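The paragraphs below are meant to be read with the coordinates open, moving from the packed interior to a pair of helices and then to the cysteines.

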Amino acid sequence: MLYLETFLYYTFFASAVLFYGIGISRVGEFGIIKIPNIFFFIKNIASIYICAILSWIITSKILLPLRITEIFPLIVFLILVSVSTFFECLGRLTTNKLSTEFIISYIIVFLSIAESSSWVNTLVICTGIICSIGILSPFIITLRQRLCNNGQKVNQKFYSIFFIFLAVVLLIFSVFDISWLNPGVLR
């Protein structure tokens, strides 16, 4: 039950896209070309989960006993670069498709390691953040299609309306329960 509450908390009440700002600029720039690319999603999700587990193990078993947990962002960075590069090379050799995305994956892993207490909790937080991005992506892509016709690049007009849209969604989530900062909001 605790993991379900954690998942719902990071998916809706503390939506990583809305409250933490994970991927706001990148999700707005995602084109329709990347949507059918299933390898893009598989590679990034596998990279996130593998990096999260390895980073949590190194942080809890090595950095915490040595009392040098301040360098765990560097450890997350190095592991994610290694895992992501391996999957990117494997993907280019087998499918010859480009699937680069680093910053969103890094921030997801960083947030899940920073706010977790166990490796299972890390995976639950990663899943909640990924679902949060997945829930808002269709709305953001639709808004982009409506505002940027004829293949225009993302411009100031898009971002001004985009941030108003995010503010409205944030207010809807916040009005639902005024104690959205309280982790016990689901009880």
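What follows is a walk through the cores, one helix pair and the cysteines of this model, which is predicted.

A good place to begin is the largest nonpolar core, which has 26 residues. Those with the most contacts inside this core are Ile48, Cys51, Val76, Ile108, Val109, Ile113 and Ile129. At least two residues of the core are supplied by each of helix 1 (2–13), helix 4 (38–66), helix 5 (72–94), helix 6 (103–114) and helix 7 (119–147), and the largest share, seven residues, comes from helix 5. A second, separate core has nine residues, and Leu147, Phe158, Tyr159 and Phe162 are among them.

Ile113 offers a closer view of the packing in the largest core. If neighbours within four places in sequence are left aside, Ile113 is in contact with Ala52, Ser55, Trp56, Thr59, Phe72, Val76 and Thr122. One of these partners, Ser55, lies in helix 4 and counts as buried, because its relative accessibility is 0%, which is under the 20% limit. With its own neighbours within four places in sequence set aside in turn, Ser55 is in contact with Val76, Ile79, Val109 and Ile113, and three of the residues that have the most contacts inside the largest core, Val76, Val109 and Ile113, thus appear around this serine.

The pairing of helix 1 with helix 7 can be described through its geometry and its residues. The axes of the two helices come within 7 Å and cross at roughly 35 degrees, and the crossing of helix 1 and helix 7 is right-handed. On the side of helix 1, the residues that meet helix 7 are Tyr3, Thr6, Phe7, Tyr10, Thr11 and Phe12, while helix 7 brings Val120, Asn121, Val124, Ile125, Thr127, Gly128, Ile129, Cys131, Ser132 and Ile135 to the contact. Sorted by character, the residues of this contact divide into 10 nonpolar, six polar and no charged.

The cysteines remain to be considered. Why does Cys51 form no bond with the closest cysteine sulfur? The sulfur of Cys51 is 8.6 Å from that closest sulfur, which belongs to Cys126, and this is too far for a bond, because a disulfide requires the two sulfur atoms to be within 2.5 Å. The structure as a whole holds zero disulfides. In their exposure, Cys51 is buried, with a relative accessible area of 0%, whereas Cys89 counts as partly exposed, at 44% relative accessibility.

Methods. Residues numbered from 1 in each chain as written. Predicted model: local features only at pLDDT ≥ 70, side-chain atom pairs only at ≥ 80, totals over all residues. Heavy atoms only, no water. Buried < 20%, exposed > 50% of the residue type's maximum accessible area, 1.4 Å probe, protein only. Core = buried A, V, L, I, M, F, W, Y, C linked by side-chain atoms within 4.5 Å. Helix = DSSP H or I, 4+ residues; strand = E, 2+ residues; numbered from the N terminus. Contact = heavy atoms within 4.5 Å. Axes fitted to C-alpha atoms, helices over the stretch in contact; angles between N-to-C directions. Left-handed = near helix turned anticlockwise from the far one by under 90°. Nonpolar A, V, L, I, M, F, W, Y, C, P; charged D, E, K, R; others polar.
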